[in-house]
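Trainee: Got a minute to go through this one with me? I'd like to start with the ligand and then move on to a residue in the protein.

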Amino acid sequence: MAVSSALWVGFLIMIPTSSAAEGTLAEAAKAKGRFFGVSVLAGQLDDSQYVDIINKEFSAVTPENSMKWDATEPSRGSFSYGNADRIVSSVGEGKTLRGHVLVWHQQLPSWVKELSGSDEVQQAMDDHIAAVAGHFQGKVDSWDVVNEAFEGDGSRRHSVFQDQIGDGFIEHAFRSARAADGGAKLCYNDYGIESKNAKSDAIYAMVQDFKARDVPIDCVGFQSHLGSSAPGGFQDNLQRFTDLGVEVQLTELDISGASPDAYSNVVGACLAVSRCTGIIVWGVRDSDSWRDGSQVLFDGSGEKKEAYDAVLNTLDA
Ligand code: G3I
């Protein structure tokens with residue numbers, strides 16, 4: 001007995017202490033009242049490792065490309081939801097679904113770019129929003145209604161929507177989205193706005209104006225395609241937006257080099273802001289990422305990276 005106790009104690013002492021927390025990202029985020037999700041490529045859904053990681057680790061999904069205009073309305077009035085529906089039914093079950101995206105200047109079919117005149121473009125935009133948001137009504141938690149409409153200097157980006165309809169196109173899109181789906185949260189989504197800068201100031205002013213005039217906006221998506229370190233003042237910037245009465249979400253997180261410290265700091269910034277309601281990482285494995293190199297939480301073999309442990313520990317702290 002004495003011998004076996006000694007062996008047992010010896011065994012315990014030999015267990016390596018690991019800084020990695022137990023559990024999954026989804027569970028740890030849920031305990032903090034947040035979703036933790038990932039973008040999904042329809043073309044990877046036959047890869048069982050890919051699907052297993054999504055189902056085990058993530059509580060939210062965003063179709064990475066399949067809800068975009070070129071996928072859902074490739075020619076006028078002809079709608080196709082095959083890949084998006086497949087994502088929703090195969091890995092979306094029981095998870096928070098972020099809809100991405102209703103109005104964006106990229107992945108826009110040429111027939112839209114060739115329209116001219118405010119009425120024509122507005123009609124096409126209204127029809128698109130009504131059909132797509134209507135199709136997913138009741139399933140989407142948050143829609144990226146308008147994506148990347150501002151330049152870095154805070155001016156409006158040229159696009160067929162901006163150039164033909166004018167500044168009012170964003171407000172118009174949000175009102176159309178509310179009419180199409182009264183239950184989804186409606187988000188403005190952009191990159192390069194994680195710190196306080198000319199672009200985030202311009203979006204802040206727009207949200208402030210929308211709230212003052214009851215234009216339906218519920219959230220701002222901070223894409224968070226980041227360089228090698230966490231952006232300065234991220235938490236304060238998130239906080240000033242939530243002080244306007246909107247939620248914030250980190251909608252497309254990836255970090256060049258996948259520094260564990262940077263991931264930890266970014267997740268910590270969200271956790272420190274009570275209305276930062278969730279995080280989506282943009283890609284399951286590095287091999288799925290739109291960016292080269294180490295970016296996300298799983299390597300190309302599907303193994304957890306140090307950044308994964310850092311995120312889980314931060315969620316658990
Ligand atoms: O669907 C075609 C396929 O038929 C063809 O064989 C293949 C050949 O290259 O291309 C496929 O389309 C690609 C598409 O992804 C689907 O895989 C496009 O070339 C490619 O450009 C496209 O890239 C996407 C990019 O948006 C387009 O701008 C990325 O996967 C996606 O991660 C990226 O996501 C954007 C967000 O929506 C908005 N914020 C920035 C973010 C990164 O750019």
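**Ligand contacts and Ser39**

Mentor: Sure. Keep in mind that this is a predicted model. One place to begin is His100, where a polar side-chain atom lies 2.7 Å from an oxygen atom of the ligand.

Trainee: OK, and how much of the ligand does the protein bury?

Mentor: The protein buries 47% of the 790 Å² that the ligand exposes when taken alone.

Trainee: Which residues come nearest to the ligand?

Mentor: Of the 14 residues around the ligand, those are Glu64, Lys68, His100, Gln106 and Glu252. For Glu64, a side-chain N or O atom is 2.5 Å from an oxygen atom of the ligand. The side chain of Trp282 also has an N or O atom 3.0 Å from a ligand oxygen.

Trainee: What's the shell like by class?

Mentor: Seven residues are polar, four are charged and three are nonpolar.

Trainee: Switching to Ser39, where does that one sit?

Mentor: Ser39 is in strand β1, which covers residues 35–40.

Trainee: Buried or exposed?

Mentor: Ser39 counts as buried, because its relative accessibility is 0% and the cut-off for buried is under 20%.

Trainee: And what does the Ser39 side chain reach?

Mentor: The backbone nitrogen of Gly283, at 2.9 Å. There is also a polar contact of 2.7 Å between the side chains of Ser39 and Glu64.

Trainee: Which residues does Ser39 touch, leaving out those up to four places away in sequence?

Mentor: Tyr50, Thr62, Glu64, Ile280, Val281, Trp282, Gly283 and Val284. Glu64 and Trp282 in that list are the residues I mentioned for their ligand contacts, Glu64 at 2.5 Å and Trp282 at 3.0 Å.

Notes. Residues are numbered from 1 along each chain as its sequence is written. This is a predicted model: local features need pLDDT of at least 70, side-chain atom pairs count only at pLDDT 80 or more; totals for chains, interfaces and linings use all residues. Side-chain values use heavy atoms; hydrogens and water are left out. A residue is near a molecule or strand if one of its heavy atoms lies within 4 Å of it. A polar contact is a pair of N or O atoms within 3.5 Å; within protein, one must be able to donate a hydrogen and the other to accept it, and residues adjacent in sequence count only if both atoms are side-chain atoms. Accessible areas come from the Shrake-Rupley method with a 1.4 Å probe; for residues, only the protein chains shown count as cover. Ala, Val, Leu, Ile, Met, Phe, Trp, Tyr, Cys and Pro count as nonpolar, Asp, Glu, Lys and Arg as charged, and the others, Gly among them, as polar. Helices (H or I, at least four residues) and strands (E, at least two) are DSSP runs, numbered from the N terminus. Buried means under 20% relative accessible area, exposed over 50%, partly exposed in between (1.4 Å probe, protein chains only). Contact means heavy atoms within 4.5 Å.
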